[in-house]
Amino acid sequence: MWFFALKLLRVGVKEAKKHKAKKNGSNTNPTDSEGINLDRSANMPFSADSTAARNPLITLLETVLRFVQFVFGLTAIGLYGQDLHGKEKSAKWVYAVVTAFLATMTAAVYLVLPFLMKGRTPVARRARLQLPLFVWESVLCVLWLTLFGIFGKMYIGDYSEGDKVKRMRHAVWVDLVNLGLWVVTMGWVGLRWWRGVKGGQEGGEREMEDIEKAGP
């Protein structure tokens with residue numbers, strides 16, 4: 001009698017485990033009557049950063065890059081801004097200060113946003129923002145490249161005496177550093193945008209494959 005009771009208990013426990021596993025499976029991967037996967041989360045476009053939580057090292061590296069951009073932007077403003085107080089204000093120096101100001105403000109916004117958006121989705125994981133950010137950073141790269149070309153042509157190789165000439169030679173290399181920094185972050189943002197577009201296309205393709213397999 002104990003033998004049969006123990007055997008029935010084992011069968012009951014086994015069937016209960018099967019029922020629970022089946023129930024959990026249906027909750028994690030629901031399908032309709034035609035076998036189409038109803039779990040849309042698998043087919044949704046990837047975010048700009050596909051990981052559930054951003055790697056803290058990547059976040060730290062990006063923050064350091066933005067801070068360096070901010071510092072070198074201020075440096076360029078200081079180097080070129082000294083010549084705006086004279087009677088003759090050249091358009092070239094005005095262009096230099098405006099370019100450095102735009103870059104500095106952009107870096108400052110990147111640095112401040114994480115503190116203003118606590119508890120919200122970070123900018124790096126918002127796929128819709130990556131293309132506009134990529135375009136804007138591309139514009140900044142063009143501005144820095146133009147600035148380096150203008151003053152590089154004027155002062156690279158010019159070793160004449162004078163504080164202004166020495167300062168402008170230093171400013172040219174600061175422009176080059178700024179250009180390199182913004183090219184790096186532009187490529188970073190562009191990569192996030194490309195990953196988001198690619199993830200969206202793959203999600204749409206999987207959804208179409210599920211519908212085609214289900215048939216009419």
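In which helix is L191 found? The numbered points below give the answer in its context; the model under discussion is predicted.

1. Overall architecture. The protein chain contains five helices and zero strands. Read from the N terminus, the order of elements is α-α-α-α-α.

2. Burial and contacts. The protein chain has 216 residues, of which 30% count as buried. Among contacts with a separation of 6 or more, 77% are between residues 24 or more positions apart. The surface exposed by the protein chain is about 14400 Å², and carbon and sulfur atoms supply 67% of that area.

3. Helix α2. This helix covers residues 56-81, which is 26 residues. At 1.5 Å a residue the expected span is 38 Å, and the end C-alpha atoms lie 37 Å apart, so the two values agree. The buried residues of α2 are E62, L65, R66, Q69, G73, A76, L79, Y80 and G81. As background to such a list, an α-helix has 3.6 residues a turn, and therefore residues three or four places apart point the same way.

4. Location of L191 and the surface patch. L191 is found in helix α5. With a relative accessible area of 45%, L191 is partly exposed, because that value falls between the 20% limit for buried and the 50% limit for exposed. L191 belongs to a nonpolar patch on the surface, together with L131, V135, W136, V139, W193, W194 and V197. The accessible area of these residues together is about 680 Å². Two or more residues of the nonpolar patch come from each of α4 (127-155) and α5 (163-214).

5. Aromatic pairing. The count of aromatic pairs comes to four. One of them is formed by F134 and W193, whose rings are stacked at 6.0 Å centre to centre with 15° between the planes. F134 lies in helix α4 and W193 in helix α5, so this pair ties together parts that are 59 residues apart in sequence. Both partners are partly exposed: F134 has a relative accessible area of 24%, and W193 has a relative accessibility of 31%. W193 is also a member of the nonpolar patch described in point 4.

6. Aromatic cluster. Y80, W93, F151 and Y155 form one aromatic cluster. Of these residues, Y80 also appears in the list of buried positions in α2.

Notes: Residues numbered from 1 in each chain as written. Predicted model: local features only at pLDDT ≥ 70, side-chain atom pairs only at ≥ 80, totals over all residues. Heavy atoms only, no water. Helix = DSSP H or I, 4+ residues; strand = E, 2+ residues; numbered from the N terminus. Buried < 20%, exposed > 50% of the residue type's maximum accessible area, 1.4 Å probe, protein only. Contact = heavy atoms within 4.5 Å. Areas by Shrake-Rupley, 256 points an atom, 1.4 Å probe, with all protein chains shown as cover. Expected span 1.5 Å × (residues − 1). Patch = residues over 30% accessible without salt bridge, like charges linked within 9 Å, V, L, I, M, F, W, Y side chains within 5 Å. Salt bridge = Lys/Arg side-chain N within 4 Å of Asp/Glu carboxyl O. Phe/Tyr/Trp six-rings, centres within 6.5 Å; stacked < 30°, edge-to-face > 60°.
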